[in-house]
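This briefing sets out selected features of the structure shown below. The points are grouped by topic, beginning with helix packing.

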Amino acid sequence: MSTLIYTHEACFNHKPGPHHPESPERLEAVLAALKTPDFADVAWRDAPLGTFEQVLHVHTPGYVEEVKSLAPAQGYQLLDAGDTIMSSGTLEAVLRCVGAACAGVDDVVKREVKNVFCATRPCGHHAEADHAMGFCVFNQAAIAALHARKQHGLQRVAVVDFDVHHGNGTQNSFWDDPDLFYGSCHQGNFYPGTGAKQETGVAGNIVNVPFARGTGSAAFRAAMTDHLLPALRSFAPELLIISAGFDAHHLDPLGGLQFTDEDYHWITRELMKVADETAQGRVVSVLEGGYSLEGLASGTAAHVRALMGR
């Protein structure tokens, strides 16, 4: 078995309200794209329920207690200034996201599979240690990186993020640790306002590649080839986690970049090459953003096809 997909029905029960971009229909589109004959060789498992002990690898006890106490029995509960909203199903959904990412780490470290894709929602990379932000409650990619250390003794772990929005939460969680690498390509001068080139972390362990609105395939591939991929190789991670957002897709209504399905396939293959060189091929990919259902579905399919080696 080379590729495993984690998902769970509970991830449909995070319902932030009518017209919210981070809708259950996003996951429906992803699963419809992946449950076709092209993906017959992948294995599927239900995402386990993550633990609050795992969440505390990244988030503060006070914030975790706040999320637990605010989880509504019905209706909606705002967690930030207005776009991160809990419903009655949100707490289980975000714990399934954490559980999938951490179980994926377990699987690739134990060599049960080569790589894992977590088809879960909501996204996580904006979530800070002590507050929700940008549709994100818990930062499952960062949590999985710390889980790899605490559970398996890995030291050097990298997260590479190709969402159109910069993952401020992951960057801030990694900033002071030279053995954690965060690399992001994203639209510059855009939400959440972080991710400038000069933001480099305590030891150059943060690499940001911001793009101007309208950037397309050629500039994206050149920047990754010249900057982010060499930095990742130099860091030599023992495990690679991908924050796989698809809102840089040219169809996306929230983003302003012009990436294609072929770009997502290409960058996935390039990241896998680095993982093969330094991390025994161990890759765990976590779904982040993507708000065109068509672009999200086709971009995810291209990404998983690359994970499968196709």
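**Helix packing and local backbone features**

Helices H8 and H9 run roughly parallel to each other, since the angle between them is about 30° and angles under 35 degrees count as roughly parallel. The model is a predicted one. The points below take up the surroundings of H9, then helix H5, leucine 79 and several backbone features.

**The H8–H9 pair**

- H8 covers residues 261-278 and H9 covers residues 293-307, and their axes lie 8 Å apart.
- The crossing of H8 over H9 is right-handed.
- On the H8 side, the contact involves Asp261, Tyr264, His265, Thr268, Arg269 and Met272.
- Their partners in H9 are Gly295, Ser298, Gly299, Ala302, His303, Arg305, Ala306 and Leu307.
- Sorted by class, the residues in this contact of H8 with H9 comprise five nonpolar, six polar and three charged.

**The H1–H9 pair**

- H1 also packs against H9, here at an angle of about 45° and with the axes 8 Å apart.
- This angle makes H1 oblique to H9.
- H1 passes H9 in a right-handed crossing.
- H1 contributes Glu25, Arg26, Ala29, Val30, Ala33 and Leu34 to the contact, and H9 contributes Leu293, Leu296, Ala297, Thr300, Ala301 and Val304.
- The contact of H1 with H9 holds nine nonpolar residues, one polar residue and two charged residues.

**H9 and its surroundings**

- What length should H9 span at 1.5 Å a residue? The expected value for its 15 residues is 21 Å, and the end C-alpha atoms are 21 Å apart, in agreement.
- H9 is mostly covered, with eleven of its 15 residues buried.
- The buried residues of H9 are Gly295, Leu296, Ala297, Gly299, Thr300, Ala301, Ala302, His303, Val304, Ala306 and Leu307.
- The elements covering these buried residues include the helices H1 (24-34) and H8, together with the strands S1 (3-7), S5 (115-118), S9 (239-244) and S10 (283-287).
- Glycine 309 follows H9 and has a positive phi, near 85°.

**Helix H5**

- H5 is formed by residues 140-152, 13 in number.
- From first to last C-alpha, H5 reaches 17 Å, close to the 18 Å expected at 1.5 Å a residue.
- H5 is largely enclosed by the rest of the structure, because ten of its 13 residues are buried.
- The buried residues of H5 are Gln140, Ala141, Ala142, Ile143, Ala144, Ala145, Leu146, His147, Ala148 and Arg149.
- Glycine 153, just after H5, takes a positive phi of about 75°.

**Leucine 79**

- Leucine 79 is located in the loop between strand S3 (77-78) and strand S4 (85-86).
- Is leucine 79 buried or exposed? Leucine 79 is buried because its relative accessible area is 13%, and buried means under 20%.
- Apart from neighbours within four places in sequence, leucine 79 is in contact with Leu70, Thr84, Met86, Ala132 and Val137.
- Histidine 152 stands 73 residues from leucine 79 along the chain, and their C-alpha atoms are separated by 33 Å.

**Cis peptide bonds and positive phi**

- Most residues other than glycine have a negative phi, and most peptide bonds are trans.
- The bond from arginine 121 to proline 122 is cis, with omega near 10°; proline 122 lies in the loop between S5 and H5.
- A cis bond also joins tyrosine 191 to proline 192, with omega near 5°; proline 192 is placed in the loop between strand S7 (180-187) and strand S8 (206-211).
- Histidine 19 is not a glycine, yet its phi is positive, about 70°.
- The loop between S1 and H1 holds histidine 19, which counts as exposed because its relative accessibility is 83%, and exposed means over 50%.
- Alanine 236, a residue other than glycine, has a positive phi near 60°.
- The position of alanine 236 is in the loop between helix H7 (217-235) and S9, and at 29% relative accessibility alanine 236 counts as partly exposed.

Methods:
Residues are numbered from 1 along each chain as its sequence is written. This is a predicted model: local features need pLDDT of at least 70, side-chain atom pairs count only at pLDDT 80 or more; totals for chains, interfaces and linings use all residues. Side-chain values use heavy atoms; hydrogens and water are left out. Axes are lines fitted to C-alpha atoms, for helices over the stretch in contact, and angles run from 0 to 180 degrees between N-to-C directions. Helices (H or I, at least four residues) and strands (E, at least two) are DSSP runs, numbered from the N terminus. Angles under 35 degrees count as roughly parallel, over 145 as roughly antiparallel, 65 to 115 as roughly perpendicular and the rest as oblique. A crossing is left-handed if the near helix is turned anticlockwise from the far one by less than a right angle, and right-handed if clockwise. Contact means heavy atoms within 4.5 Å. Ala, Val, Leu, Ile, Met, Phe, Trp, Tyr, Cys and Pro count as nonpolar, Asp, Glu, Lys and Arg as charged, and the others, Gly among them, as polar. Buried means under 20% relative accessible area, exposed over 50%, partly exposed in between (1.4 Å probe, protein chains only). The expected span of a helix is 1.5 Å times one less than its number of residues.
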